[in-house]
Amino acid sequence: MAITLRSSAQNAYEGSSGGSFSVAKPSGLANGDLLIAIEWLDEESTFANPSQSWDVTNASPGAFPATHPHGRVHLKRVTNAGSEPANYGFPLASYGNKCAQVIALAGVPNSAEVAIAWNYGNFGSSPYTMTAPNASYSGSDPAIIVGFCPIVNDVTPTITPPSGFTELGSEMVAPTYAWIAAGHSYLITTGTPAAGPRTGTTSTRDSGYPHWSAVTVALPGTVSSPPSGPESGRFFIAYI
């Protein structure tokens, strides 16, 4: 069974510690779907716990500079779609901007690992490029999701995804003071696409804080050899 995009939902927020922030449940959710939530926070590495439980949470490495956006990926297999909440909460631990997207994928094999990889960098001169790293998965016919989060300082950029990728929603910008923006895109394909980093661009950035962060989430629709044990940055989320 091939992986397909069920749906996705997103939101952006600017507020204070403990502020209520949530993303709506993706539409059409069904048992066995895999939920992938990507969460970004401006120049902060301290995240509050999500309001709901997730099977796996993977955060951007502690080596990320304090000046760059920080991120987390949450994973969850849907076992009872009817009992899923109408909204998934991602409160703030301190004052700041936050962007989050929840993506529902159908047809993810039970034996598929989810690979997650992070990257960060600084902008040079235009074009303002950002690089999502390679995330190695075991198999073929993958779904690959990339996320970019630049510091933009109160403007709405156009974030152009890597070649061949389709944008998920639109650029996420907080409704008041927008310090960061975020854009996610996906590729679902057959065979084995070329491995390696993937580059996107933003139409603008903050010249005083020319920083960006990026993440790649990848998983196979056809599993060639299930892993024999745990591997760094790779997670096994089965549907029972």
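A search of the whole structure, which is a predicted model, finds 8 aromatic pairs. In one of them, the ring centres of F123 and Y128 lie 6.0 Å apart and the planes meet at 75°, so this pair is edge-to-face. An angle over 60 degrees is what places a pair in that class. Ring pairs also join W40, F64, W118 and Y120 into a cluster.

How far the residues of the F123 and Y128 pair are reached from outside can be set beside the value for P197, a residue in a loop.

| Residue | Relative accessible area | Class |
|---|---|---|
| F123 | 9% | buried |
| Y128 | 15% | buried |
| P197 | 60% | exposed |

F123 and Y128 count as buried because the limit for that class is under 20% relative accessible area, while exposed residues have over 50%.

P197 sits in the loop between β13 (181–188) and β14 (198–202). Apart from neighbours within four places in sequence, P197 is in contact with T131, A132, P133 and N134. A24 is 173 residues from P197 along the chain, and the C-alpha atoms of these two residues are separated by 30 Å.

The strand β13 also takes part in a cavity. The count of cavities of 30 Å³ or more comes to 1, and the largest cavity has a volume of about 30 Å³. Its lining is made up of F148, I159, P161, E167, G183, H184 and S185. By type, these lining residues divide into 3 nonpolar, 3 polar and 1 charged. β13 supplies the largest share of the lining, with 3 residues.

Note on methods
Residues numbered from 1 in each chain as written. Predicted model: local features only at pLDDT ≥ 70, side-chain atom pairs only at ≥ 80, totals over all residues. Heavy atoms only, no water. Phe/Tyr/Trp six-rings, centres within 6.5 Å; stacked < 30°, edge-to-face > 60°. Buried < 20%, exposed > 50% of the residue type's maximum accessible area, 1.4 Å probe, protein only. Helix = DSSP H or I, 4+ residues; strand = E, 2+ residues; numbered from the N terminus. Contact = heavy atoms within 4.5 Å. 1 Å grid on protein atoms, 1.4 Å probe; cavity = no way out; pocket = protein on both sides within 12 Å on 5 of 7 lines; lining within 4 Å. Points joined across faces, edges and corners; volume = space filled by probe spheres on them. Nonpolar A, V, L, I, M, F, W, Y, C, P; charged D, E, K, R; others polar.
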